[in-house]
Amino acid sequence: MTAITEFQDENTHPSTGRRNSTVLNPRAYVDSSIWTRAPVLKGTTKFDPLPGVSNILVTGGAGFIACWFVRHLTLTYAGSYRIISFDKLEYCSSLNNTRVLEDCPNFTFVQGDITSPTDVKRCLREYNIDTIFHFAAQSHVDLSFGNSYQFTNTNVYGTHVLLESAKAQGVERFIHISTDEVYGEVDAAGDDVLESSLLAPTNPYSASKAAAEMMVNAYFKSFKLPVIIVRSNNVYGPHQFPEKIIPKFAMLLHRRRRLLLHGDGSPTRRYLYAGDIVDAIDTIFHKGTIGQIYNIDSRDEISNLDMCRRLLELFNLPHSTSEDLRSWIQYTEDRPFNDHRYATDGSKLALLGWKQKTSIDEGLRATVDWYRRFGEVWWGDISRILTPFPVVYEGNEVFTREEYEAWDEQSDGGKPMQINGNKSYTM
Ligand SMILES: NC(=O)c1ccc[n+]([C@@H]2O[C@H](COP(=O)([O-])OP(=O)(O)OC[C@H]3O[C@@H](n4cnc5c(N)ncnc54)[C@H](O)[C@@H]3O)[C@@H](O)[C@H]2O)c1
């Protein structure tokens with residue numbers, strides 16, 4: 001297991017000295033015992049262990065959904081499966097997400113990059129991996145409008161590296177985590193889409209996820225790699241980095257700050273609690289069929305404006321009149337393109353016996369409670385993530401765009417241009 005060093009977040013950068021930014025350090029303890037006070041959250045399903053499965057690699061295991069899945073597999077199948085969490089430790093991850101597992105003999109964390117064939121092959125060989133769950137990705141749609149190369153590199157090329165390495169290793173199962181966004185938007189009157197529907201992604205994030213799926217399918221057809229693809233609706237819950245709508249808004253309200261809503265707030269999304277997607281993926285793993293695609297669907301479809309209302313209510317803030325809403329919501333320019341809604345049909349997964357357990361009311365209550373207790377210190381200083389101004393990431397360093405441009409000018413053009421690098425903008 002990788003050794004963990006303790007140090008605090010600072011406004012300094014190892015190579016460039018002091019500047020206006022926040023360096024997020026996914027290894028750092030901001031509060032060294034925070035994770036010991038957090039509830040151990042996982043799914044609820046348990047199946048008979050699969051014959052032939054022993055060593056499972058989970059990519060992106062220090063990120064949001066995968067950390068729930070890693071905790072679930074490690075604790076639920078302690079006597080049967082060994083779990084290797086493989087993560088590059090990008091800005092949105094935190095080792096706090098799996099620290100509770102550090103003493104489990106069937107858990108190992110490996111820091112590595114899915115775009116590095118050397119990192120991946122070494123890990124597959126060293127741990128004799130027979131099963132891969134591939135979650136690691138650049139996952140924030142807003143950022144994909146700024147630095148889409150990073151999305152293609154991680155989501156498409158990274159998936160390709162994993163597939164090629166899995167083929168060489170001869171893995172028994174490769175479960176690829178995809179998204180409902182690959183279908184593109186569905187009209188208000190449109191039917192829920194089936195797994196056989198055409199893919200029509202509309203933003204660089206969803207296009208990169210769709211492209212990754214094409215590669216997964218190619219390895220299934222060309223090399224008989226035993227793959228399964230899952231496409232989930234939006235997921236929310238504790239442990240999600242506060243750049244996404246629910247945790248960001250929860251942290252803004254916690255600080256009694258206004259919510260920043262894209263456009264008029266009318267686009268809807270279907271939301272699934274993290275514990276439910278864990279159960280769905282566990283069900284697909286143990287009962288699903290190789291070569292199949294499964295939608296993971298939620299029945300809770302909510303507009304962004306309605307999400308603001310629900311969160312205001314949970315924070316006991318006024319939300320019933322339009323004046324109340326105006327005082328808490330700041331409308332900002334919409335994304336270059338914003339799908340109005342996604343709608344998937346989950347009947348194929350229902351046949352395997354899974355159904356959504358957590359209602360949006362219950363899930364949001366648990367989520368808000370968690371962010372009130374832990375959100376300020378789980379990832380380090382998140383002030384710049386919550387800023388109303390566009391944010392720039394350079395690796396794990398966060399600037400507002402103004403700060404970034406001021407520094408860029410000051411550095412007199414001496415700064416290397418980041419094309420394939422880690423610089424990303426978000427609105
Ligand atoms: N969050 C959602 O609502 C949602 C919905 C449907 C599908 N998905 C999919 O689920 C997966 C997980 O999403 P999430 O929201 O938990 O993401 P996240 O952004 O919280 O976590 C992504 C993780 O991947 C890691 N990572 C990024 N690049 C890497 C690299 N090159 N090598 C190794 N690790 C790397 C990051 O460090 C991070 O820990 C993604 O594939 C996403 O497309 C997410």
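**Exercise 1. Sort the residues in the shell around the ligand by class, then find which residues and elements supply it.**

Solution. Start with the classes: the shell around the ligand has 13 nonpolar, 11 polar and five charged residues. Here Ala, Val, Leu, Ile, Met, Phe, Trp, Tyr, Cys and Pro count as nonpolar, Asp, Glu, Lys and Arg as charged, and the others, Gly among them, as polar.

Before going on, a word on the model. It is predicted: local features need pLDDT of at least 70 and side-chain atom pairs count only at pLDDT 80 or more, while totals for chains, interfaces and linings use all residues. Residues are numbered from 1 along each chain as its sequence is written.

Next, look at the individual residues. Of the 29 around the ligand, those that come nearest are Gly 60, Gly 63, Phe 64, Glu 90 and Ser 93; a residue is near a molecule if its C-beta atom, placed from the backbone, lies within 6 Å of it. Two or more shell residues come from each of helix 2 (64-76), helix 5 (148-169), strand 8 (173-179) and strand 10 (234-236). Helices (H or I, at least four residues) and strands (E, at least two) are DSSP runs, numbered from the N terminus. Helix 2 gives the most, with three residues.

**Exercise 2. Work out the strand order of the seven-stranded open sheet, and then locate its edges.**

Solution. Read the order first: it is 6-5-4-7-8-9-13, with parallel pairing. Two strands pair if DSSP finds at least two bridges between them. Now the edges: strand 6 (107-111) and strand 13 (293-296) each have a single partner strand, so one side of each is left without a neighbour in the sheet. On average, neighbouring strands of this sheet are turned by 20° against each other, direction ignored. Axes are lines fitted to C-alpha atoms, for helices over the stretch in contact, and angles run from 0 to 180 degrees between N-to-C directions.

Then add the helix. Helix 8 (residues 274-287) packs on the sheet and touches strand 8, strand 9 (227-232) and strand 13; its direction makes about 160° with that of strand 9. Contact means that the C-beta atoms of two residues, placed from the backbone, lie within 7 Å.

Finally, zoom in on one pair. Strand 4 (residues 55-59) and strand 5 (residues 82-87) are parallel and share five bridges, and Asn 55 has Arg 82 as its bridge partner in strand 5.

**Exercise 3. Describe the open sheet of three strands and the helix that packs on it.**

Solution. The order is 10-12-14, and the pairing is mixed. Strand 10 and strand 14 (301-303) are the edge strands, each pairing on one side only. The average turn between neighbouring strands of this sheet is 50°, direction ignored. Strand 10 runs parallel to strand 12 (residues 268-273), joined by three bridges, with Asn 234 opposite Tyr 271 in strand 12. Helix 8 also packs here, touching strand 10 and strand 12, and its direction makes about 70° with that of strand 12.

**Exercise 4. Follow strand 17 through its pairings with strand 16 and strand 3.**

Solution. Take strand 16 (residues 391-394) first: it pairs with strand 17 in the antiparallel sense over four bridges. Within this pair, Val 392 stands opposite Phe 399 in strand 17. The two strands form a hairpin with two residues between them, and Gly 395 in the turn has a positive phi of about 60°. On to strand 3 (residues 22-23), which runs antiparallel to strand 17 (residues 397-400) and is joined to it by two bridges. Val 23 has Glu 397 as its bridge partner in strand 17.
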